[in-house]
Amino acid sequence: MSFLELEDVQTYYGESHVLQGVTLDVEEQEIVALIGRNGVGKTTTLRSILQLTPPREGTIRYKGEEIGGKDTHEVSNDGIGWVPEERRMFGYLTVEENIRVAVKPDDDFEAQREYVYSLFPALDEFSEKEARNLSGGQQQMLAIARGMVGQNELLLVDEPSEGLAPMIVDQVVDALETASEDTTMVLVEQNFPLAMELADRFYLIDHGTVVESGSTEGVTADDERIRRYLSA
Ligand SMILES: Nc1ncnc2c1ncn2[C@@H]1O[C@H](COP(=O)(O)OP(=O)(O)OP(=O)(O)O)[C@@H](O)[C@H]1O
């Protein structure tokens, strides 16, 4: 039994059949990258796991339990965190307030705050700053921290390097590596070298289905298996 298992997952937006049978698995403590061209269904795979866009067919098992059909808040209570694309957060709230909003009502805010500040001590330093005044890298760190609130055991991270300068991307890599010591991770990332650097294994998605997979070890964008799917 794997930590997370997707079997023949089929997801639609209305009549549009986006995931056409995605099968993949993730082992505990792994970082698994989902790669592929724009619009092939990577974000939709994360949305399917979270039940934000519930699949119409197939199964999703998390720690051996079928989570298909659950509500998103139940999936979140099961310990699955999300770092959405574009770092959605409350710009006019402070860092600390953004963390507070992410803490579930039954959870101990103080304990959760201490937990995320221990993961990312830099956040503590600017805890009173409004999120909109943070740099892109700091915002991404806050987004990752919000995903880790609740000591989530699985973190789904969507395009963490998007729109960030290369120097800032290094900070984000550090933050993801720190987070990955505590959690299993599924990472959607357009920056191919970055995805290969961070992840243990990859799944290459094309037209809503997995077309290649394997260890990231030694894989480059010149690899013929990869190139034919990623180049335009
Ligand atoms: N809310 C939606 N309603 C209708 N179609 C959607 C919706 N969200 C995404 N799609 C379509 O579903 C397909 C897959 O989108 P998805 O966001 O999963 O792709 P992706 O691989 O993550 O690529 P990207 O990097 O562009 O986000 C695309 O054709 C997209 O236009």
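Start by selecting L187 in this predicted model and displaying whatever surrounds it: setting aside the neighbours within four places in sequence, L187 is in contact with I31, A33, V157, A195, L198 and A199. L187 also belongs to the largest nonpolar core, a set of 61 residues in which L187, A145 and L156 touch the most other members. Which helix gives this core its largest share? Colour helix α6, residues 136–148, and you have the answer, for α6 contributes 6 residues to the core.

Keep α6 on screen and add helix α3, which spans residues 95–102. The two helices pack with their axes 9 Å apart and at an angle of about 25°. Because angles under 35 degrees count as roughly parallel, α3 and α6 are described as roughly parallel to each other. If you turn the view so that one helix lies in front of the other, the crossing of α3 past α6 is a right-handed one.

To see which side chains to show at this contact, select V95, N98, I99 and A102 in α3, which meet L142, A145 and R146 in α6. Sorted by class, the contact of α3 with α6 has 5 nonpolar residues, 1 polar residue and 1 charged residue. A145 deserves a second look here, since A145 takes part in this helix contact and is also one of the core residues that touch the most other members.

Move next to G58, whose place is in strand β4, residues 57–62. Which residues far from G58 in the chain should be shown with it? Beyond its neighbours within four places in sequence, G58 is in contact with L6, E7, D8, V9 and Q10. L6 and G58 are 52 residues apart in sequence, yet their C-alpha atoms are 7.5 Å apart in space. Is G58 buried, exposed or partly exposed? It has 17 C-beta neighbours inside 10 Å, and so G58 counts as partly exposed.

From that list of contacts, pick D8, which lies in strand β1, residues 4–13. The backbone is worth checking at this point, for phi of D8 is near 50°, a positive value in a residue other than glycine. D8 is partly exposed because 14 other C-beta atoms lie within 10 Å.

Finish at K63, found in the loop between β4 and β5, the latter being residues 65–66. K63 likewise has a positive phi, of about 50°, although it is not a glycine. With 16 C-beta neighbours inside 10 Å, K63 therefore counts as partly exposed.

Key. Residues are numbered from 1 along each chain as its sequence is written. This is a predicted model: local features need pLDDT of at least 70, side-chain atom pairs count only at pLDDT 80 or more; totals for chains, interfaces and linings use all residues. A nonpolar core is a set of buried Ala, Val, Leu, Ile, Met, Phe, Trp, Tyr and Cys residues joined through C-beta atoms within 7 Å. A residue is buried if 20 or more other C-beta atoms lie within 10 Å of its own, exposed if 12 or fewer, and partly exposed in between; C-beta atoms are placed from the backbone. Helices (H or I, at least four residues) and strands (E, at least two) are DSSP runs, numbered from the N terminus. Two residues are in contact if their C-beta atoms, placed from the backbone, lie within 7 Å. Axes are lines fitted to C-alpha atoms, for helices over the stretch in contact, and angles run from 0 to 180 degrees between N-to-C directions. Angles under 35 degrees count as roughly parallel, over 145 as roughly antiparallel, 65 to 115 as roughly perpendicular and the rest as oblique. A crossing is left-handed if the near helix is turned anticlockwise from the far one by less than a right angle, and right-handed if clockwise. Ala, Val, Leu, Ile, Met, Phe, Trp, Tyr, Cys and Pro count as nonpolar, Asp, Glu, Lys and Arg as charged, and the others, Gly among them, as polar.
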